[in-house]
2 protein chains.
Amino acid sequence: MSVTTPRGFRAAGVSAGLKEGGAADVALVVNDGPHAGAAGVFTNNRVKAAPVLWTQQVVQGGLVRAAVLNSGGANACTGPGGFQDTHATAEHTAAVLTAVAPGSSLGAGEVAVCSTGLIGERLPMDRLLPGVRTAVGTLSQDGGPAAAEAIMTTDSRPKNGVAHGAGFTVGGMAKGAGMLAPAMATMLSVLTTDAVADPETLDAALRAACRVTFDRVDSDGCMSTNDTVLLLASGASGVVPTEAELTAVVTAVAHDLAQQLVADAEGATKQITIDVVGAASEDDAVEVGRTVARNNLVKTALFGNDPNWGRILAAVGTTAAAFEPERVDVAVNGVWVCRDGAAAEDRSKVDLGGVDVTICIDLRAGAAAATIWTNDLSHGYVHENSAYSS
Amino acid sequence: MSVTTPRGFRAAGVSAGLKEGGAADVALVVNDGPHAGAAGVFTNNRVKAAPVLWTQQVVQGGLVRAAVLNSGGANACTGPGGFQDTHATAEHTAAVLTAVAPGSSLGAGEVAVCSTGLIGERLPMDRLLPGVRTAVGTLSQDGGPAAAEAIMTTDSRPKNGVAHGAGFTVGGMAKGAGMLAPAMATMLSVLTTDAVADPETLDAALRAACRVTFDRVDSDGCMSTNDTVLLLASGASGVVPTEAELTAVVTAVAHDLAQQLVADAEGATKQITIDVVGAASEDDAVEVGRTVARNNLVKTALFGNDPNWGRILAAVGTTAAAFEPERVDVAVNGVWVCRDGAAAEDRSKVDLGGVDVTICIDLRAGAAAATIWTNDLSHGYVHENSAYSS
């Protein structure tokens, strides 16, 4: 149930002292092959952390033999020195891995680096580099769960997932509990597979999977500087799936992890699914769903168990999607509280007592649909984000 | 210090029983002339309340002799019946005003209507129409402050303003404490002037004033269905200002009222001024300021007295404005905590103990600038908006 479930991978998670309190903060995932194909998807934020700038280059080469991830510091907005720190981390990881397996000769350019934590501060390299050495020493085929724990920040629990194809497996881990949005939840995720696939196929599968999973989580509308999703393929199964098969299984794991991210969102008391149907295009459906997901008045109403469809309609009205205001229908937990843009069924029929809330918005403008996942805006969110520097 | 300060206006504020508890909820502003020129600016939301649809048509005629405003119900998302209610309100107001001053012969098409309160419910016309009659009976040249009280919803205090030109005066009132944004704070405002001006001049002056005042308040990023700003001109001063003179004085009152709106934002503990300088264009500066103003992580950090410039930079990075991430400078309350996109002065030097916070973002990409006003995201905001249906 982790990144080490597919054959050909080892992982580790150790404490290097980057976080206060001694929790694990350095994770390492190593692809033992025989192949080392890789793909990556990164934040759209123009302010990109040093490890994102580095790993984008690494992934362009199509070969990734190891991914080293740290929590306890984002290494974002750290200037040229921060980039040198990332480079040094990759070089050190490659050197230590080569030293323990002399025949392997790993280069820094095959090591992906990811960081998460506070923005704007340099990483304590005097602790991080020894931590990498410790991680290499504890690499194991059962190390996936430990790696998933080491990338946690405000996450309340580690996030692992696995799905099986015909003769091959995809595993994954993710972190993320806030700054979740928009074109990719703010998060780090490493997906692994023992399928045989070239980098182009991996890239196509990963992009297709992210588009309908991580990209449709919108917790708080805030886009991170560090978002990274990697897909590493060992080829150890010897099985060559079609692109469609691989995409389906990667999507299953990404979906599972995305749901775990939303469920663990900072301070959330509700998990909200926004189904937009009857849209003229999928883009319209995504825009409407995302806009409603980001609306603080909708989010606070749901925190207060108020099926406030008027706020939902007011949010829909700010989009450029095709719809007529007097033809929109809205259901909250199955009760059509709004039809033709006006009050319909009695809002008191809506039961908002549970954790799960489903909003269905029928734009009655076409046949396209999309789903966005979000959560409510609670006292807990305000508390956590006014107290935690990130 | 109100809409009745300029000559030629009477106003009233009465309780019609629309709100629970008997607070005033119907306001009336009457232009006694000799002129009745008017201009209006309305919400950009595609889901427009019935009174907005009505008043847009009224203002197009360029003549407005009375504005009737109610709190206790937005009359938004109420279907064709809701529009008929607005029409009936205008007709009743015109009829009652004509009855008490038989020579005047007022038509419904000269009566602007504004509503604010809960979305999605019909107004109790059996209470509203008698309330209009009561308001007509209490019209007075000192009635401005009473009118300003009658349009309050979650406002903690009424908002009035006045400014003087050479021989003419502009007065105003406004309501608004939440759903404040983006292209116009969610609000109702009536501005009055005794200047002599044709509708085209009034329209130009009002649009120019709103663009740099109400349009630059972004409290919670949520755009309303009911936003309306009216400018009514009586011509009673006999003075014909230039368009520039009129614009300057209207802008002064709108600025004053906009600041009062931000200061009264729901649950806010900080008043935040975001100065964006060094932008390649004013549009870029507005986009950057607005994006930072809407970022929940920035807003919660400031609630927690945390000068978290990393979150500010992460927000700037999501815009399309011209800038280089490694050349942006950020100051919080005068301390340049970020230079060249990385940490600079010690963030502990920033004093966030007071109510006022000024963030200066220098994009170093040009000479344009803009200011956006916002507030923090507090427990009070969550409380108020999870408990209050609007």
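The following is a conversation about a predicted model with chains A and B.

Biologist: Before we start, what kind of model is this, and how are residues and chains labelled?
Modeller: It is a predicted model, in which local features need pLDDT of at least 70 and side-chain atom pairs count only at pLDDT 80 or more, while totals for chains, interfaces and linings use all residues. Residues are numbered from 1 along each chain as its sequence is written, chains are lettered from A and ligands numbered from 1 in the order in which they are written, and side-chain values use heavy atoms, with hydrogens and water left out.

Biologist: Which operation superposes chain A on chain B?
Modeller: A rotation of 180° with 0.0 Å of shift along its axis does so, with an RMSD of 0.0 Å; the fit is by least squares on the C-alpha atoms of residues with pLDDT of at least 70 in both copies. This is the relation of a two-fold axis. In chain A, His379(A) has the C-alpha nearest the axis, 2.8 Å from it.

Biologist: Why do the copies meet through the same surface?
Modeller: Because 100% of the interface residues of chain A are also interface residues in chain B. Chain A supplies 51 residues to the contact and chain B supplies 52 residues, where contact means heavy atoms within 4.5 Å.

Biologist: How much area do the two chains bury between them?
Modeller: About 4000 Å², with 56% of it on carbon and sulfur atoms. Buried area is the accessible area (1.4 Å probe) that two parts lose on being put together, summed over both.

Biologist: How many salt bridges and polar contacts cross that interface?
Modeller: The rule finds zero salt bridges, a salt bridge being a side-chain nitrogen of Lys or Arg within 4 Å of a carboxyl oxygen of Asp or Glu. Six residue pairs are in polar contact, both residues at pLDDT 80 or more. A polar contact is a pair of N or O atoms within 3.5 Å; within protein, one must be able to donate a hydrogen and the other to accept it, and residues adjacent in sequence count only if both atoms are side-chain atoms.

Biologist: And which element gives the most to the side of chain A that touches chain B?
Modeller: H10(A) does, with six residues. Helices (H or I, at least four residues) and strands (E, at least two) are DSSP runs, numbered from the N terminus.

Biologist: Changing topic, is Lys159(B) buried or exposed?
Modeller: Lys159(B) is buried, with a relative accessible area of 1%; buried means under 20%, exposed over 50%, and partly exposed in between (1.4 Å probe, protein chains only). Lys159(B) lies in strand E6 (residues 159-164) of chain B.

Biologist: What does its side chain make polar contacts with?
Modeller: The side chain of Lys159(B) makes one with the side chain of Asp155(B) at 2.7 Å and one with the side chain of Asp264(B) at 2.6 Å.

Biologist: Where is Glu110(A)?
Modeller: Glu110(A) sits in the loop between helix H2 (79-100) and strand E5 (111-115) of chain A. At 16% relative accessibility, Glu110(A) counts as buried, and its side chain reaches the backbone nitrogen of Gly107(A) at 2.8 Å.

Biologist: Which residues does a cis peptide bond join in chain A?
Modeller: Gly33(A) and Pro34(A), with omega about 20°. Pro34(A) is in the loop between strand E2 (26-31) and strand E3 (37-42) of chain A.

Biologist: What is phi of Asn333(A)?
Modeller: It is near 45°, a positive value in a residue other than glycine. Asn333(A) is partly exposed, with a relative accessible area of 28%.
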